[in-house]
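Grab a pencil and take a look at the model below. Each exercise sets a task, and a worked solution follows it.

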Amino acid sequence: LIEISSASGEVFYRPVDSRRVNLDYYKNNILHFFVPDAIVATSLLSLGGNHGQPIPVKDVMARARTLSRLLKMEFEFRQGVRFDALFDEALQRSVSKDYLASTSAGIALGKDPMARPLARFVANLITNFVEGYAVGMEHLRTELKTPRNKRDVVNMLLDGARASFLAGEMVRSEAANKAVLENMVELLLDLGIITTQGEGSATTVAMADGFANRLDELIKEARALLKLEDA
């Protein structure tokens with residue numbers, strides 16, 4: 001599963017691209033413990049948060065809410081607990097680990113030298129889902145011109161995602177995941193962006209009238225959440 005290489009007296013470990021999905025299976029078995037923290041870290045980093053550059057809490061919270069709604073088909077959040085409370089809990093855990101800092105000016109990376117790598121590690125726990133949704137929605141936007149069988153649509157999106165990875169347009173091969181793309185389709189159905197007709201194996205999928213702009217907005221939101229590069 002892992003390639004081990006040496007250079008300049010250091011040892012480097014990296015997953016084999018074709019086996020990343022195998023490793024992802026183990027990650028997903030414990031991922032639910034860390035999703036709220038990953039949402040907070042992703043939100044801060046995607047807004048350009050850095051040490052000494054706090055982002056207003058309301059802005060981080062707004063982006064976290066957007067991300068939570070994007071991934072609502074993937075994860076179950078605690079019932080009966082308000083979003084604000086879940087956000088505050090995750091933020092306090094992150095602050096206690098020293099990779100985030102919270103002040104009256106907003107939320108920033110902590111002062112610890114490992115703050116950014118740690119925040120990136122936590123954020124990357126869910127990045128493959130965001131990337132899968134972004135790429136899947138982009139392919140759906142360009143390729144679903146006429147109604148198509150729902151199963152064929154998912155397979156079309158899976159092929160498109162694999163092609164995007166091979167073309168270097170997708171960073172994580174595990175983002176080309178059938179289950180992720182199926183959930184992305186279900187999200188768009190829930191939002192009314194696409195519609196279905198028929199039942200069972202005869203179910204067809206089509207773009208809803210007047211919702212192309214909303215799909216473009218979702219794609220833009222997902223792409224913004226992937227901007228985790230160093231500020």
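The exercises go through hairpin, sheet, helix packing and core.

Before you start: this is a predicted model, where local features need pLDDT of at least 70, side-chain atom pairs count only at pLDDT 80 or more, and totals for chains, interfaces and linings use all residues. Residues are numbered from 1 along each chain as its sequence is written, and side-chain values use heavy atoms, with hydrogens and water left out.

**Exercise 1. The hairpin**

Work out how strand 1 and strand 2 pair, and over how many bridges.

Step 1: Find the strands. Strand 1 covers 2–7 and strand 2 covers 10–15; strands here are DSSP runs of E with at least two residues, helices are runs of H or I with at least four, and both are numbered from the N terminus.

Step 2: Check the pairing. The two strands run antiparallel and share six bridges, where pairing takes at least two DSSP bridges. At one end, Ile 2 sits opposite Pro 15.

Step 3: Look at the turn. Two residues lie between the strands, and Ser 8 has a positive phi near 50°. Most residues other than glycine have a negative phi. Ser 8 counts as exposed because its relative accessibility is 78% (buried is under 20%, exposed over 50%, partly exposed in between, with a 1.4 Å probe and protein chains only).

Step 4: Compare another loop. Asp 98 has a positive phi of about 75° without being a glycine, and lies between helix 4 (83–96) and strand 3 (100–103). With 45% relative accessibility, Asp 98 counts as partly exposed.

**Exercise 2. The open sheet**

Find which strands stand at the edges of the three-stranded sheet.

Step 1: Write down the order, which is 5-7-6, with antiparallel pairing.

Step 2: Pick the edges. Strand 5 (148–149) and strand 6 (194–197) each have a single partner strand, so one side of each has no neighbour in the sheet.

Step 3: Zoom in on one pair. Strand 6 joins strand 7 (residues 204–207) through four bridges, and Thr 196 has Val 205 as its bridge partner.

**Exercise 3. Helix 5 and two partners**

Describe how helix 5 packs with helix 1 and with helix 6.

Step 1: Take helix 1 (residues 20–30). Its axis is 11 Å from that of helix 5 (residues 115–143), at an angle of about 115°. Axes are lines fitted to C-alpha atoms, for helices over the stretch in contact, and angles run from 0 to 180 degrees between N-to-C directions.

Step 2: List the contacts, meaning heavy atoms within 4.5 Å. Asp 24, Lys 27 and Asn 28 of helix 1 meet Asn 124, Leu 125, Asn 128 and Phe 129 of helix 5.

Step 3: Turn to helix 6 (residues 150–166). The axes of helix 5 and helix 6 come within 9 Å and cross at roughly 115°. Residues of helix 5 in this contact include Val 135 and Gly 136, while those of helix 6 include Met 156 and Gly 160.

**Exercise 4. The core**

Which helix gives the most to the largest nonpolar core?

Step 1: Define the core: buried Ala, Val, Leu, Ile, Met, Phe, Trp, Tyr and Cys residues joined through side-chain atoms within 4.5 Å.

Step 2: Spot the hubs. Among the 63 residues, Leu 70, Leu 71, Ile 126, Met 137 and Leu 188 touch the most other members.

Step 3: Name the helix. Helix 5 gives the most, with 13 residues.

Step 4: Follow one hub. Not counting residues up to four places away in sequence, Leu 71 touches Ile 126, Phe 129, Val 130 and Tyr 133.
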